[in-house]
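Here's a quick briefing on a fold you may want to have open in your viewer. Take a look at the structure first, then read on.

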Amino acid sequence: MAITVMGKGKFKARKRRHLRLRKKVAGTAARPRLVVTRSNRNLVAQVVDDAVGRTLVSASTLEVDLRAADGDKSAKARRVGELIAERAKAAGIDAVVFDRGGNKYHGRVAAVADAAREGGLAL
C-alpha cells in the first residue's frame with residue numbers, strides 16, 4: 001500500500017519529502033533515529049527506536065531552561081543539539097541516523113545536527 005500526498009504548497013511538499021526520506025531511514029536498537037521537528041517558533045529533537053516504536057531521549061526549545069535562554073533561534077537549536085547529544089550519551093547511545101523530517105538541511109536543522117556531532121554522536 002503506497003501512501004501519497006497530493007497537491008501543492010509548502011506543507012504538502014515537505015510531507016512528500018519526508019515520506020521519501022522515511023522509505024530509506026529507519027532507527028534500530030543499535031542505531032536509533034534522531035528526528036528533528038521544526039515549526040516557525042520551536043524545535044524538537046527526539047531519538048527514536050523504530051523497532052519498538054519508543055522515544056529514548058528528547059530535547060526541545062520548549063523546556064524551561066531553553067525558553068529563558070538568550071540568542072536567536074539558531075543558537076537555541078545548537079543548544080538543543082548539545083542537549084540531545086548529552087542525554088543520548090548518558091543513555092548509552094553513540095550513533096544515530098539523522099532524520100531531517102522533510103526540511104532542508106539548512107539553518108536550524110543543520111545547527112542541531114552539527115551540535116549533536118560536536119557533542120559526540122556519530123551521525
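Helices here are DSSP runs of H or I with at least four residues, numbered from the N terminus. With that in hand, keep in mind that this is a predicted model. Helix 4 covers residues 108-118, and what follows this helix is glycine 120, with a positive phi near 110°.

**The sheet**
- Four strands make up an open sheet, lined up in the order 3-2-1-4 with mixed pairing.
- The edges belong to strand 3 (54-60) and strand 4 (97-99); each has a single partner strand, so one side of each has no neighbour in the sheet.
- From one strand to the next, the twist averages 20°.
- Strand 2 (residues 43-49) runs antiparallel to strand 3, and six bridges join the pair.
- If you want a spot to zoom in on, valine 48 has threonine 55 in strand 3 as its bridge partner.

**Helix 3 on the sheet**
- Helix 3 (residues 73-90) packs on the sheet, where it touches strand 1 (33-38), strand 2 and strand 3.
- The direction of helix 3 makes about 145° with that of strand 3.

**Helix 4 under cover**
- How many of the eleven residues of helix 4 are buried? Eight of them are, so to speak, tucked away, and the helix is mostly covered.
- The buried set in helix 4 is Arg108, Val109, Ala110, Ala111, Val112, Ala113, Ala115 and Ala116.
- Among the elements covering those buried residues are strand 1, strand 2, helix 3 and strand 4.

Conventions. Residues are numbered from 1 along each chain as its sequence is written. This is a predicted model: local features need pLDDT of at least 70, side-chain atom pairs count only at pLDDT 80 or more; totals for chains, interfaces and linings use all residues. Side-chain values use heavy atoms; hydrogens and water are left out. Two strands pair if DSSP finds at least two bridges between them. Helices (H or I, at least four residues) and strands (E, at least two) are DSSP runs, numbered from the N terminus. Axes are lines fitted to C-alpha atoms, for helices over the stretch in contact, and angles run from 0 to 180 degrees between N-to-C directions. Contact means heavy atoms within 4.5 Å. Buried means under 20% relative accessible area, exposed over 50%, partly exposed in between (1.4 Å probe, protein chains only).
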